[in-house]
Amino acid sequence: MKWHSFHVALIFAITAGILLACESASMAAQSPSVEISLERPTGTMKMGDTPVFVGTVKNIGRQPLKGLVVYLSLVSLKSGDEHPVDLEDWSAQKAVRIDQLLPGETNTQKWGMRLIQSGKYGIALTAVDPQRKQPIVSDLMSFEISPKPTLSSSRILPVAIGEPLLILLLLGVVRISRIRTA
Amino acid sequence: MSTFMSLVRKEISEDLTATRGSILFLIAGMVLSAFSVLLVSNTELSLLDNAQAVYMMCGIIVMLGSLIAVIRGSDGFAGERERGTLESLMLTPATTQNLAHAKLIGILLSWMILFCISTPYLWAVGSTGQNLLSTIPYLFTTGTFLVLIFASASLALSSKTRTFKSALSVGLTLLLLAGSPVVLGPSLRQSSVGRLMDLVNPVAGALNTLDSTIIDSQGLIFQVLPLAVLLGYSLISLFILHSVTRRVEL
Amino acid sequence: MIAIRVRNLKKTFGAKTVLDSVSMTVHEGDICGFLGPNGSGKTTTLRVLLGIMGADEGEVSVLGLNPALSGHILRRRVNALPESHGLYGWMSAHRYLKFFSQLYGMTPNTDQLRTGLLQVGLDPNDHRPIRTFSRGMKQRLGIARATINEASILFLDEPTNGLDPRGRREIHDLLLTLNREQGLTIVISTHILDDVERLCNRIAIMDMGRVRYEGPLASGNNARSLRYRLHLDNSCSMPSGWTYPGIDIIENKEGWITCSIDGIPPAYAIKTLVEAGLPILEAEILSGGLEDLYLSHTEGGVS
């Protein structure tokens, strides 16, 4: 039997189709099943403020998700000194575990945070599905924490040390003058 | 010089000259200094903005004033009785009411001295922040009311108790009872019972006024009710003092 | 004129009766000794008279005023030294005297204050605080304070406590001078009978809340019913039937006569006996005098 080009092309197409189908199936197996977003807190943010970041997690897949872990990541975006920030001093809220998220269900979590240092920062919300290899990360939200005038030790310390001494001195003067005029 | 003015002058001299009086000012200065140093050295406190630091400082100042009022008031009659000087005073044309009023003026003057001592601390802590200038008159007003209330109550108690220790125990208990609801958590204070307690409690009224003006930058119209409560308590305390000291037994 | 009149004064503290129908009278110009054991009610009586303590019953009039109603007016016209001095330890003597002068509405100048201190033997240039004073100095200062205003009546509670004999004499002289020159009425509450005998012309003895004895103290000291034992010259004897008012011969035996002298000064009685022909070699007091009077009217003694 003669192999005509038609037969070759057909075999090639079938093989490509099978390969494509496999790839598609693999990709289908790895596509995100959750959609996450992070809301920017309202108002200006300055040192000492305690804004609340609201994150939402939605199950966009067809299967219920179990044991989702959701957490915030904070990064300093100071030019030339970019580094991750330990949230230990900033937020009491650690990672949150969502027991179960049904298809189409949305879960909202809040992270209260205390802005303890001024500067430029980026924050993102990450969701980890134990059934999947890839965590899902929200868009990086950058924000600026403005400094605020805090207490100046150069003004306070002289008063704190000097005033009790001044009081002592004044009381001594009053006593001595009373004795002299008695 | 009238009898009454002689008594007032003696009270003022005793405040400034006698160790018993003057040591209180030194202690107050040291407390304010310690708090100021804490504000700059403690990590948590150093993050406070100026308004909050000023508010905390004002709270300490009015409580120090109230404490001095209780101590001096408790000593008013009971202390004189213990030291044997009350009888000599009662043997003069001065009435016991003259004596009570003179002691009250002496205590108010102590408060004014404390207020003057506190002003540099307030400047050091709050001059770069908000509302410092408006804070000063409110601090003076609320502090004066509280000192009037606690001094009058303590003097009245002192006229009836035998010893300074008894008068002081009761006075400090009253001060603690008045001050303790303030340390309840915000959620409790937001409840209906908490709000009612805040309304009728003079210490809470004073601290809420300071909070409202220093931190929330609210004007006089918001302070009318708490200041009216403070004024009411002051008038009642003065009336009680005047009545109770009409006749004092040795 | 009556300076102090007390009738049926009663005062109780709870269940305890402190004053039980106290009555006494003090005339203007009197120096009245107010005697009695501790707890007899002397201090309470003085406090009622001064209007700093109320009574439960009875009538009290001091300079025509009711102390309970007009105490603050009365206290401008009287002065008092309580048993506890009531001195302010942080003040100087000068400052203390000035303060109390001002309480009486006076505006003393420096010289007047200096005179007041010198009068009681204190140094007007001593500016030390009173807490450094000795007990005697504190007592003197208390007396200076009590005599600072021109009072009509002076009430003194143990005025010579803590004073040495010279100090006591100086205070006696001061009080006698004030009484003589200003007609100051003085009521002295004291345990020291010597003070009473030297100063007072009238005494009231209190015990258990009652006045047990009230009356004039014979001039030159000593009170009624003195009993003497007289040693006579053996060559003489008492004329038979001899009597004299106030002298009662109790026993006449072996050159010794025991007699009771009542209501007349002892020196006068002895003079009378000598003029009656009795050369007295020796006189001995057996009993009587203020001490006996006091003891007989207090602590359950027969009044």
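Visitor: How many helices and how many strands are there in chain A?
Guide: Keep in mind that this is a predicted model. Read chain A along its sequence and you get the pattern α-β-β-β-β-β-β-β-β-β-α. Tallied up, that gives chain A 2 helices and 9 strands.

Visitor: What share of the residues of chain A count as buried?
Guide: To count as buried, a residue needs under 20% relative accessible area. Chain A has 182 residues, and the share that counts as buried is 31%.

Visitor: And chain C, what percentage of its residues are buried?
Guide: Chain C has a secondary structure of 9 helices and 13 strands. It has 303 residues, and the buried ones make up 50%.

Visitor: In chain C, what percentage of the contacts between residues at least 6 apart join residues at least 24 apart?
Guide: Let's start with chain A, where residues 24 or more positions apart account for 72% of the contacts with a separation of 6 or more. For chain C, among contacts between residues at least 6 apart in sequence, the figure is 68%.

Visitor: Why is B:Cys116 in no bond with another cysteine sulfur?
Guide: A disulfide needs two cysteine sulfur atoms within 2.5 Å. By this rule the count over all chains is 0 disulfides. B:Cys58 is in no disulfide either, and its nearest cysteine sulfur belongs to B:Cys116. For B:Cys116, the closest cysteine sulfur is the one in B:Cys58, and it is too far for a bond because the distance is 14 Å.

Visitor: Is B:Cys116 buried or exposed?
Guide: Let's set it beside B:Cys58, which has 0% relative accessibility and so counts as buried. Exposed means over 50%. B:Cys116 has a relative accessible area of 52%, so B:Cys116 is exposed.

Visitor: How are helix 3 and helix 4 of chain C arranged, parallel or perpendicular?
Guide: Helix 3 covers residues 93-103 of chain C and helix 4 covers residues 110-119, and their axes come within 10 Å and cross at roughly 110 degrees. Angles from 65 to 115 degrees count as roughly perpendicular. So helix 3 of chain C and helix 4 of chain C are roughly perpendicular.

Visitor: Which residues of helix 4 of chain C does helix 3 of chain C meet?
Guide: Helix 3 of chain C passes helix 4 of chain C in a right-handed crossing. The residues of this contact divide into 4 nonpolar, 4 polar and 1 charged. From helix 3 of chain C come C:Ala93, C:His94, C:Leu97, C:Lys98 and C:Ser101, and in helix 4 of chain C they meet C:Thr110, C:Leu113, C:Gly116 and C:Leu117.

Visitor: How many charged residues are in the contact of helix 1 with helix 2 of chain C?
Guide: The axes of helix 1 (residues 42-50) and helix 2 (residues 67-77) of chain C come within 8 Å and cross at roughly 75 degrees. That makes the two helices of chain C roughly perpendicular. C:Val48, C:Leu49 and C:Leu50 of helix 1 of chain C make the contact with C:Pro67, C:Leu74 and C:Arg75 of helix 2 of chain C. By class there are 5 nonpolar residues, no polar ones, and the charged count is 1.

Visitor: Which residues of helix 12 of chain B make the contact with helix 6 of chain B?
Guide: The axes of helix 6 (residues 96-126) and helix 12 of chain B come within 8 Å and cross at roughly 145 degrees. The crossing is right-handed. On the helix 6 side of chain B we find B:Gln97, B:Ala100, B:His101 and B:Leu104, and on the helix 12 side B:Leu238, B:Leu241 and B:His242.

Visitor: What is the phi of C:Glu158?
Guide: Most residues other than glycine have a negative phi. C:Glu158 lies in the loop between strand 6 (153-157) and helix 6 (165-182) of chain C, and at 4% relative accessibility C:Glu158 counts as buried. Although C:Glu158 is not a glycine, its phi is positive, about 55 degrees.

Visitor: How far apart are the C-alpha atoms of B:Asp216 and B:Ala51?
Guide: B:Asp216 sits in the loop between helix 11 (202-214) and helix 12 (224-244) of chain B, and it counts as partly exposed at 44% relative accessibility. Along the chain, B:Asp216 and B:Ala51 are 165 residues apart, and their C-alpha atoms are separated by 9.2 Å.

Conventions: Residues are numbered from 1 along each chain as its sequence is written. Chains are lettered from A and ligands numbered from 1 in the order in which they are written. This is a predicted model: local features need pLDDT of at least 70, side-chain atom pairs count only at pLDDT 80 or more; totals for chains, interfaces and linings use all residues. Side-chain values use heavy atoms; hydrogens and water are left out. Buried means under 20% relative accessible area, exposed over 50%, partly exposed in between (1.4 Å probe, protein chains only). Axes are lines fitted to C-alpha atoms, for helices over the stretch in contact, and angles run from 0 to 180 degrees between N-to-C directions. Helices (H or I, at least four residues) and strands (E, at least two) are DSSP runs, numbered from the N terminus. Angles under 35 degrees count as roughly parallel, over 145 as roughly antiparallel, 65 to 115 as roughly perpendicular and the rest as oblique. A crossing is left-handed if the near helix is turned anticlockwise from the far one by less than a right angle, and right-handed if clockwise. Contact means heavy atoms within 4.5 Å. Ala, Val, Leu, Ile, Met, Phe, Trp, Tyr, Cys and Pro count as nonpolar, Asp, Glu, Lys and Arg as charged, and the others, Gly among them, as polar.
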